[in-house]
Amino acid sequence: MEQQDVVSILNQLRNQELKSYRVSKEDFNVFRTILLKQEDAIDFRGNAQHSGETIYTYEPGWTK
C-alpha cells in the first residue's frame, strides 16, 4: 500500500464516500503511520478483528 492510496482512503472516509475500510495485517503499519500524521487522527476509529485486520471508520467526536 502506497502513501497516496492511504491518503485517498482517509479522504473518502472523511467525505463519507466510504462507511468503513478494512486494513489487512500486512498493510496495518503503513496505514497507521500515515493516519497518525493527520490533524484529525483522533476522529478515526479502528476496530481490531480476530484475523489481524482492522476496520476503520470516521467518527468525529467519538472520544468525547
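Strands β2 and β3 pair in the antiparallel sense over 5 bridges. The model is predicted. In it, 3 strands form an open, antiparallel sheet in the order β1-β3-β2, and helix α2 packs on this sheet. Ring pairs link Y21, F31 and Y56 into a cluster.

**The β2-β3 pairing**

- β2 and β3 form a hairpin, with 5 residues between the two strands.
- G52 lies in the turn of this hairpin and has a positive phi of about 90°.
- Where the two strands face each other, F44 stands opposite Y58 in β3.
- R45 has T57 of β3 as its bridge partner.
- β3 is mostly covered, as 4 of its 5 residues are buried.

**The sheet as a whole**

- The strand order is β1-β3-β2, and the pairing is antiparallel.
- β1 and β2 (44-48) stand at the edges with a single partner strand each, so one side of each has no neighbour in the sheet.
- Neighbouring strands are turned by 30° against each other on average, with direction ignored.
- On the β1 side, 3 bridges join β1 to β3, and these two strands run antiparallel.
- Y21 has Y56 in β3 as its bridge partner, while R22 is matched with I55 in β3.
- Helix α2 touches β1, β2 and β3, and its direction makes about 25° with that of β3.

**Aromatic pairs**

- A pair of aromatic rings is described by the distance of the centres and the angle of the planes.
- The count comes to 3 aromatic pairs.
- Y21 and F31 have ring centres 6.1 Å apart and planes at 15°; the pair is therefore stacked, because planes under 30 degrees apart count as stacked.
- This pair links distant parts of the chain, with Y21 in strand β1 (residues 21-23) and F31 in helix α2 (residues 28-35), 10 residues apart.
- F31 and Y56 have ring centres 5.0 Å apart and planes at 35°, so this pair is tilted.
- The F31-Y56 pair also links distant parts of the chain: F31 belongs to helix α2 and Y56 to strand β3 (residues 54-58), 25 residues apart.
- Y21 has a relative accessibility of 23% and so counts as partly exposed.
- F31 has a relative accessibility of 0% and so counts as buried; Y56 is buried as well.
- Y21 and Y56 are thus tied in two ways, as bridge partners across β1 and β3 and as members of the ring cluster that includes F31.

**V23 in strand β1**

- V23 has its place in strand β1.
- With a relative accessibility of 1%, V23 counts as buried, because buried means under 20% relative accessible area.
- Leaving aside neighbours within four places in sequence, V23 is in contact with F28, F31, E53, T54 and Y56.
- Among these contacts are F31 and Y56, two residues of the ring cluster.
- V23 and Q4 are 19 residues apart in sequence, and their C-alpha atoms are 15 Å apart in space.

**D43 in the loop before β2**

- D43 is found in the loop between α2 and β2.
- D43 has a relative accessible area of 15% and is buried, because the cut-off for buried is under 20%.
- A polar atom of the D43 side chain lies 3.4 Å from the backbone nitrogen of G61.
- Not counting residues up to four places away in sequence, D43 touches T57, Y58, E59, P60, G61 and W62.
- Two of the residues touched by D43, T57 and Y58, also take part in the β2-β3 pairing, T57 with R45 and Y58 with F44.

How values were computed:
Residues numbered from 1 in each chain as written. Predicted model: local features only at pLDDT ≥ 70, side-chain atom pairs only at ≥ 80, totals over all residues. Heavy atoms only, no water. Phe/Tyr/Trp six-rings, centres within 6.5 Å; stacked < 30°, edge-to-face > 60°. Buried < 20%, exposed > 50% of the residue type's maximum accessible area, 1.4 Å probe, protein only. Pairing = 2+ DSSP bridges. Axes fitted to C-alpha atoms, helices over the stretch in contact; angles between N-to-C directions. Contact = heavy atoms within 4.5 Å. Polar contact = N/O pair within 3.5 Å; in protein donor to acceptor, adjacent residues only side chain to side chain.
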